[in-house]
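Grab a coffee and open the viewer. Here is a set of short exercises to work through with the model on screen, each with a solution to check yourself against.

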Amino acid sequence: MTGLAVYEEIDEIIGKHQEEKTPLLSILQEIQERWRYLPGDVLGYVSRKLDIPSSMVWGVATFYSFLKTEPAGEYVIRVCCNAPCHVNGSVDVLKTLQKELGIKEGETSRDGKFTLETTSCLGVCGVAPAMMINDVTYGNLSEDRIREILALYR
Amino acid sequence: MFYRSHVLVEMTSNSLVRGAAQIKERLEREIERLGLDKEIKVLETGSLGAALPSPFVVVYPDNIVYAPVTVSDVKRIVEEHFWKGRPVGDLIFSPSERREIGVFLPYFPLTKEKRVVLRNSGQIDPTNIEEYIARDGYLALSRVLTEMTPEEVIAEVKKSGLLGRGGAGFPTGLKWEFTKNAEGVEKYIVCNADEGEPGTFKDRLILEGDPHSIIEAMAIAGYAVGAGEGYIYVRGEYPQSINHLRIAIEQAREYGLLGENILGSSFSFEVRIRKGAGAYICGEETALLESIEGKRGIPRNKPPYPAQEGLWGKPTVINNVETLANIPPIILQGADWFRSIGTPTCTGTKVFTLTGNVNNLGLIEVPMGITLRELIFEVGGGIRGGHNLKLVQTGGPSGGTMTPDLLDVPMAFDTLSRYDSALGSGALTVIDDTHCIVDVVRNFMEFFLYESCGKCTPCRVGTKRIVEILNRISEGRGEPSDLENLRYMGEHIKSTSFCGLGQAAPNPLLRSLSFFEEEFRAHLEEKRCPVDTCSMKTKTKILI
């Protein structure tokens, strides 16, 4: 992912956070939001710009589950698999999604639209089982409801 | 302007996905169409506890709850109820449906409920500072700044007996005192809103429903310990909390309640938000500091404790959201009032989140000392589907396991630790007897495996080995030595892991091994899953 325009935009993002004492994570989060992943050359650029060793930038980029170093789908689906959802049928939720999307956990659909992931507690256990699609949380999932929800994104 | 009626529309992550924004817009349009807009005001609100069927609409002063509401219901509500004065009977919420507990007074005669930290949730528009101020918001801060010395503030918090609500239960007043007495001019207040313990969502509801209470409490803490800057670290999974906090901070600044010389005093304080990026370990306080510093969220050595060397090496107070929400009421109503709630050794209230296989999912705030029996069978309405209780995991996976014979133990930090259990965050995951213990424990252990930060070997490798063995057992390939191996590894992970996460990771395993040994043995010796959850598939495969 090269091109002058991209670097200009990244400069802008870095500039926005220059007041922060230690802005690395905030910057990476914003780049992630903008391009949906952190390309290797961009990480190198950030490392040089902030004068932080590349190993450290990569260390942060690969530590957090919301940050990705490979392109992800337009919509990242995160299915909660922790106990409160597990005992309310999250295994079936995952199966339904796999069937509907034709992909396994950790994969991205061929049209680049959906990435399917499992995640830890989303904090909406009152409506378990639950999942998140990008920034939006969905609860009380059943097979029908999952199909309805997916239709909104297709 | 005086309105004869206020209509509150739920604006939370749950309701927005079900059209809450459209409902609000439609309400305003219909009200205007009938010329009622000078009489009826539409407002946004946070969750009523954890909520009724979402989205809900509450009408004051009639105290009528419509839930769940769809856009097509709006016209009828406005015409019938607001115009003609006849509440729409079939849309009014009736508590017999499966629901999250609303903890809402006229509809839920839960006499045990006591709202301190949830005092404003669902009662005010969290995006409007004036509503918070109208309910004595920022009064505690102004009292502290004008009438109290920092020492007096700390003395009051110490006297209240408030224990940290994040899980560890450390006395808040002491934390503040240590930080105040630490050397240095630059100090920080950090609010830990990285609520990741599975089954916990109390902090989300406080942040969504009453964000100003946290900002006010952080400013009070800042004054008490001599800090001029505060950070709220919110998990990335809570966009709505972040949104409400942003608005609240902005408004507090506008009103001069944050910034330079607050309320004309010499005290200045700023609050900033940092967003998490999906790592459970960042709820551990030193890992959280690392993350704010833009690094991998890996725990630090303790000591030095954050009170001595915290954020950027400066003395730092780190308090949980629920802990902070207790501070303004303690200042306003006094430590003695706070001590009158709860048990003598564990004062105040606790927010419990009921999850898993109970009829009523949701949360409730009650005085410390309530029993599990009351929570599960009175508040939670018992086990779903007429099944029996198998176990309750208190405080999430890193907390403790309680069995049906322990239902009458009072819920407090000290009493539960006597039973080798833990109150933790107040999460209660109720599991019924249709679930297999091997499957449940494996789920807990998979969580720790997934969330281990990888710093120390016992936690990183130990959780992996345990999950492998549990997988084997559930496939019918368990070996006689497995039980002993699991215990051995559990004990070692517990005693040799670097941080609290690793030390707590084997808890659900070890407790279950002692409570449900027979069920494990059935898997191992008879290659049989007593509740028929495990596939035991490999056994058949071998025969083929």
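The exercises below go through a predicted model, starting with chain A, moving on to chain B and ending with the place where the two chains touch.

**Exercise 1. Take stock of chain A: how many helices and strands does the secondary structure of chain A come to, and in what order do the elements run?**

Solution. Start by counting: chain A has 7 helices and 4 strands. Next, walk along the chain from the N terminus, and you read off α-α-α-α-β-α-α-β-β-β-α. Finally, lay a ruler along the principal axes: the C-alpha trace of chain A spans about 50 × 30 × 25 Å.

**Exercise 2. Look at H1 and H2 of chain A and work out how they are oriented to each other.**

Solution. Step one is the geometry. Helix H1 (residues 4-16) of chain A packs with H2(A) at an angle of about 140 degrees, and the two axes are 9 Å apart. Step two is the verdict: angles over 145 degrees would count as roughly antiparallel, so H1(A) and H2(A) come out as oblique to each other. Step three is the handedness, and here H1(A) passes H2(A) in a right-handed crossing. Last, find who touches whom: H1(A) brings A:Ile10, A:Ile13 and A:Ile14, while H2(A) brings A:Ile27, A:Glu30 and A:Ile31. Sorted by class, that contact has 5 nonpolar residues, no polar ones and 1 charged.

**Exercise 3. Trace the sheet in chain A: in what order do the strands lie, and which ones stand at the edges?**

Solution. Four strands make an open sheet, and the order in chain A is E2-E1-E3-E4 with mixed pairing. Now check the ends. Strand E2 (114-119) and E4 of chain A each have a single partner strand, so one side of each is left without a neighbour in the sheet. Neighbouring strands are turned by 20 degrees against each other on average, if you ignore direction.

Zoom in on one pair next. Strand E3 (residues 131-133) of chain A and E4(A) pair in the antiparallel sense over 3 bridges. Pick A:Met132, and you will find that its bridge partner in E4(A) is A:Thr137. To finish, look for what lies against the sheet: helix H6 (residues 90-101) of chain A packs there, touching strand E1 (75-80), E2 and E3 of chain A. The direction of H6(A) makes about 155 degrees with that of E1(A).

**Exercise 4. Now chain B: how does its radius of gyration stand against that of a compact globule?**

Solution. First get a feel for the chain, which has 23 helices and 14 strands. Its C-alpha trace spans about 80 × 65 × 40 Å along the principal axes. Then do the comparison: a compact globule with 544 residues would have a radius of gyration near 24 Å, and chain B has 25 Å, so the two agree.

**Exercise 5. Find the sheet E2-E1-E3-E4 of chain B and name its edge strands.**

Solution. Chain B has an open sheet of 4 strands in the order E2-E1-E3-E4, and the pairing is mixed. At the edges you find strand E2 (40-45) and strand E4 (64-66) of chain B, each pairing on one side only. From one strand to the next the twist averages 20 degrees. Strand E3 (residues 57-60) of chain B runs antiparallel to E4(B), with 3 bridges joining them. One bridge to look up is that of B:Val58, whose partner in E4(B) is B:Val65.

**Exercise 6. Track down a cis peptide bond in each chain.**

Solution. In chain A, go to the bond from A:Ala128 to A:Pro129, which is cis with omega near -5 degrees. A:Pro129 sits in the loop between E2 and E3 of chain A. In chain B, the cis bond joins B:Pro303 and B:Pro304, with omega about 0 degrees. B:Pro304 is in the loop between helix H11 (285-292) and strand E9 (316-320) of chain B.

**Exercise 7. Describe the side of chain A that touches chain B.**

Solution. Begin with the tally: 33 residues of chain A are in contact with 46 residues of chain B. Then map the chain A side onto its elements. Helix H2 (24-35), helix H4 (54-63), helix H5 (83-86) and strand E4 (136-138) of chain A each supply at least two residues. Sort that side by class to close, and you get 20 nonpolar, 11 polar and 2 charged residues.

Conventions. Residues numbered from 1 in each chain as written. Chains lettered and ligands numbered in written order. Predicted model: local features only at pLDDT ≥ 70, side-chain atom pairs only at ≥ 80, totals over all residues. Contact = placed C-beta atoms within 7 Å. Nonpolar A, V, L, I, M, F, W, Y, C, P; charged D, E, K, R; others polar. Axes fitted to C-alpha atoms, helices over the stretch in contact; angles between N-to-C directions. Parallel < 35°, antiparallel > 145°, perpendicular 65-115°, else oblique. Left-handed = near helix turned anticlockwise from the far one by under 90°. Pairing = 2+ DSSP bridges. Rg over C-alpha atoms; globule rule 2.2 N^0.38 Å.
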